[in-house]
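Let's take a friendly walk through a protein model. Have a look at the sequence and the structure below, then read on.

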Amino acid sequence: MAFPEDVLTEDEHVVLHLHPHWKTMVRPVVVLVLAIAAVAAGVLFLPTGGGGSITLAVIGGLALLAVLVLAVWPWIGWRTTHYLFTNERVVLQHGVFSRERRDIPLSRVNDHSMNQQFVGRLLGYGTLTIESAGERGQSVLPDVPKVDRVQTKLYELVEAFHDKHSLGDGELREILAERDNKSGGL
């Protein structure tokens with residue numbers, strides 16, 4: 001369930017690879033604990049044989065169903081949700097049976113903001129919104145762990161990308177001077 005490295009370009013490297021914050025797994029863990037407790041209580045308190053065995057089987061079946069639907073499925077969804085930040089783009093991917101992936105080149109990032117509610121500040125997560133040029137505009141990343149640090153890292157990545165792919169004043173002067181020398185010699 002790791003992010004496939006083959007989607008990266010030759011010069012691209014991963015800077016941050018995140019899943020949603022662990023708080024999204026609280027409810028599935030509570031469901032798992034309650035299901036185990038229900039089965040354990042049935043084993044301890046229901047009479048053996050007859051109606052007690054049928055009741056225990058029903059409790060066990062319901063517990064298993066609850067664990068599969070309310071604990072295992074959300075865990076798989078959590079594991080297959082990726083927030084990937086590279087030196088060239090931001091990749092957002094999620095999906096279990098079908099997969100959706102959105103690539104936002106750093107050159108298209110116009111703005112990014114983060115939002116943290118009180119509980120998010122206490123637990124260290126928040127929502128990161130990335131606004132990019134193009135049809136789809138905003139991408140909202142919910143439950144980003146350490147969202148303040150992630151936003152700072154995104155800013156650094158965007159700045160580094162722009163610095164790498166833009167000309168400085170000295171380079172621009174050299175190109176213009178070279179062009180003028182070539183055109184003046186004709």
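In this predicted model, the face of α4 turned away from its buried side carries Arg149, Asp163 and Lys164, which are exposed. The points below start from this helix, move on to the nonpolar core, and end with a histidine in a loop and a database record.

**The two sides of helix α4**
- On the buried side of α4 you will find Val147, Val150, Gln151, Leu154, Leu157, Val158 and Phe161.
- These buried residues cover an arc of only 120 degrees around the axis, so they sit on the same side of α4.
- Several strands help to cover the buried residues of α4: β1, β2, β3, β5 (109–115), β6 and β7 are included in that cover.
- You can also check the length of α4: at 1.5 Å a residue, its 18 residues should span 26 Å, and the end C-alpha atoms are 25 Å apart, which agrees.

**The largest nonpolar core**
- Which residues touch the most other members of the largest nonpolar core? They are Phe85, Val90, Leu128, Ile130, Leu141, Val144 and Leu154, out of 18 residues in this core.
- At least two residues of this core come from each of β2 (82–86), β3 (89–94), β6 (125–132), β7 (138–145) and α4 (147–164).
- The element that gives the most to this core is α4, with six residues.
- Leucine 128 makes a good example to click on: leaving aside its neighbours within four places in sequence, its contacts include Phe85, Leu141, Val144 and Leu154.
- From α4, the contacts of leucine 128 include Val147, Val150 and Gln151, and these three α4 residues are buried.

**Histidine 19 in its loop**
- Where is histidine 19? Its place is the loop between β1 (14–18) and α1 (26–45).
- Is histidine 19 buried or exposed? Its relative accessible area is 15%, so histidine 19 counts as buried, the cut-off being under 20%.
- The side chain of histidine 19 reaches the backbone oxygen of tryptophan 78 at 3.4 Å.
- A polar contact of 3.4 Å also links the side chain of histidine 19 to that of arginine 79.
- Apart from neighbours within four places in sequence, histidine 19 is in contact with Trp78, Arg79, Thr81, His82, Tyr83 and Pro145.

**What the record says**
- An unreviewed UniProt entry gives residues 78–153 the annotation "domain: YdbS-like PH".
- In the model, residues 78–153 are 20% helix and 53% strand, and the end C-alpha atoms of this span lie 22 Å apart.

Terms used
Residues numbered from 1 in each chain as written. Predicted model: local features only at pLDDT ≥ 70, side-chain atom pairs only at ≥ 80, totals over all residues. Heavy atoms only, no water. Core = buried A, V, L, I, M, F, W, Y, C linked by side-chain atoms within 4.5 Å. Buried < 20%, exposed > 50% of the residue type's maximum accessible area, 1.4 Å probe, protein only. Helix = DSSP H or I, 4+ residues; strand = E, 2+ residues; numbered from the N terminus. Contact = heavy atoms within 4.5 Å. Polar contact = N/O pair within 3.5 Å; in protein donor to acceptor, adjacent residues only side chain to side chain. Expected span 1.5 Å × (residues − 1). Arc of directions from axis to C-beta. UniProt positions renumbered as here; feature names shortened; annotations may be inferred.
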